[in-house]
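Biologist: Could we go through this model together? I would like to begin with the charged contacts and then move on to the pockets.

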Amino acid sequence: METPAAPAPMISLSLFVFSVLYGGMVCIAGVLGVKQVALGPLAVEAGIFAFLLLVVMSSAIAELHGQRTATMLVRLGFVPLIVSAVLIQIVLLLPHDPGMYPPAIDAFPVVVGQSSRMMLAGLVSYGISQTLNVLIFAKLSGAGGATGGGRLMWLRGMIASIVSQIVDTVLFITISFLGERPIVGLMAGQMLTKVVLSIVLVPPAIYLFVAIGRRLDRTPAA
């Protein structure tokens, strides 16, 4: 007599959707960072918008599914980050097609290429800052790592984002540029921009993602 197969593990729709989006933002953040944008008097590399979405999604998942699940998502984020970095290096080593659009031949390595120091900086700053964001957001709820129950999400999200963004900036710029260029001014400008955006954008974005997550989880499976 055959033993019945164990049921497949279930995952909530919100966790599935946010995890897919999270992996995409991990990969695209470095590409967007090639461009520096002006936000009034503030200048910032455009990758921060993808990184802020990572902060928002990890906080929303901590709120919906608990600190442990959100921390696991951060760790799994290393998979697409490393795989995409390896694939980029392989593609850069391959010869280009002679018929390739000429301006793109020189532009492609500039857009997607990174030094080994910057790649290391991205891995270290991502892992530490995102883990710290989840930790602070969850602990401020006083729920002992369980779901936050909606208590002061705006304040918890803002504090967690500000601290994690400052840590991210210090780690990334120090590892990438220490000894190659002055870093204090660069670091100060990045910190100021990230703090302002964390105050203005992160709290409402967390409420939005939590609301979307709860709506998704109420949607019956097909």
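Biologist: Which residue forms a salt bridge with Asp168?
Modeller: The partner of Asp168 is Lys194, and the closest N and O atoms of this salt bridge are 3.0 Å apart. Please keep in mind that this is a predicted model.

Biologist: Where in the chain do Lys194 and Asp168 sit?
Modeller: Lys194 belongs to helix α8 and Asp168 to helix α7. The pair links distant parts of the chain, with the two positions 26 residues apart in numbering.

Biologist: Is Lys194 buried or exposed? And what about Asp168, buried or exposed?
Modeller: Lys194 has a relative accessible area of 5%, so it counts as buried. Asp168 is at 6% relative accessibility and therefore counts as buried too. The cut-off for buried is under 20%.

Biologist: How many salt bridges does the count come to?
Modeller: The count comes to two. Besides the pair already discussed, the side chains of Glu63 and Arg156 meet in a salt bridge, at 2.7 Å from N to O. Glu63 lies in helix α2 and Arg156 in helix α7, 93 residues apart, and this pair also links distant parts of the chain.

Biologist: What are the relative accessibilities there, for Glu63 and for Arg156?
Modeller: Glu63 has a relative accessible area of 2% and is therefore buried. Arg156 stands at 3%, so Arg156 counts as buried as well.

Biologist: Next to Asp168 in sequence there is Thr169. Which residues does Thr169 touch?
Modeller: Leaving aside residues up to four places away in sequence, Thr169 touches Thr174, Met187, Gln190, Met191 and Lys194. Lys194 is the residue that forms the salt bridge with Asp168. Thr169 itself is placed in helix α7, and it counts as buried because its relative accessibility is 2%.

Biologist: Let us change topic to the pockets. How much space lies in the largest pocket?
Modeller: The largest pocket holds about 1000 Å³ of space. It is lined by 43 residues, and those closest to its centre are Ala29, Gly30, Gln114, Met118 and Phe172.

Biologist: Which element gives the largest share of that lining?
Modeller: Helix α4 does, with seven residues. Elements that each supply at least two residues of the lining include α1, β2, α2 and α7.

Biologist: And how does the lining of the largest pocket divide by class, in nonpolar, polar and charged residues?
Modeller: The lining of the largest pocket has 26 nonpolar, 13 polar and four charged residues.

Biologist: What lines the second largest pocket?
Modeller: The second largest pocket, with about 150 Å³ of space, is lined by Val91, Leu92, Leu94, Pro95, His96, Met100, Ile105, Phe108 and Pro109. By class, that gives eight nonpolar residues, one polar and no charged. Helix α5 provides the largest share, three residues.

Biologist: Finally, the overall fold. How many helices and strands are there?
Modeller: The protein has nine helices and two strands. From the N terminus, their order is α-β-β-α-α-α-α-α-α-α-α.

Biologist: What share of the residues counts as buried?
Modeller: Of the 222 residues, 36% count as buried. The accessible surface comes to about 12300 Å², and 74% of that belongs to carbon and sulfur atoms.

Biologist: And what share of the contacts joins residues at least 24 apart?
Modeller: Among contacts between residues at least 6 apart in sequence, the share is 77%.

Conventions: Residues numbered from 1 in each chain as written. Predicted model: local features only at pLDDT ≥ 70, side-chain atom pairs only at ≥ 80, totals over all residues. Heavy atoms only, no water. 1 Å grid on protein atoms, 1.4 Å probe; cavity = no way out; pocket = protein on both sides within 12 Å on 5 of 7 lines; lining within 4 Å. Points joined across faces, edges and corners; volume = space filled by probe spheres on them. Helix = DSSP H or I, 4+ residues; strand = E, 2+ residues; numbered from the N terminus. Nonpolar A, V, L, I, M, F, W, Y, C, P; charged D, E, K, R; others polar. Buried < 20%, exposed > 50% of the residue type's maximum accessible area, 1.4 Å probe, protein only. Contact = heavy atoms within 4.5 Å. Areas by Shrake-Rupley, 256 points an atom, 1.4 Å probe, with all protein chains shown as cover. Salt bridge = Lys/Arg side-chain N within 4 Å of Asp/Glu carboxyl O.
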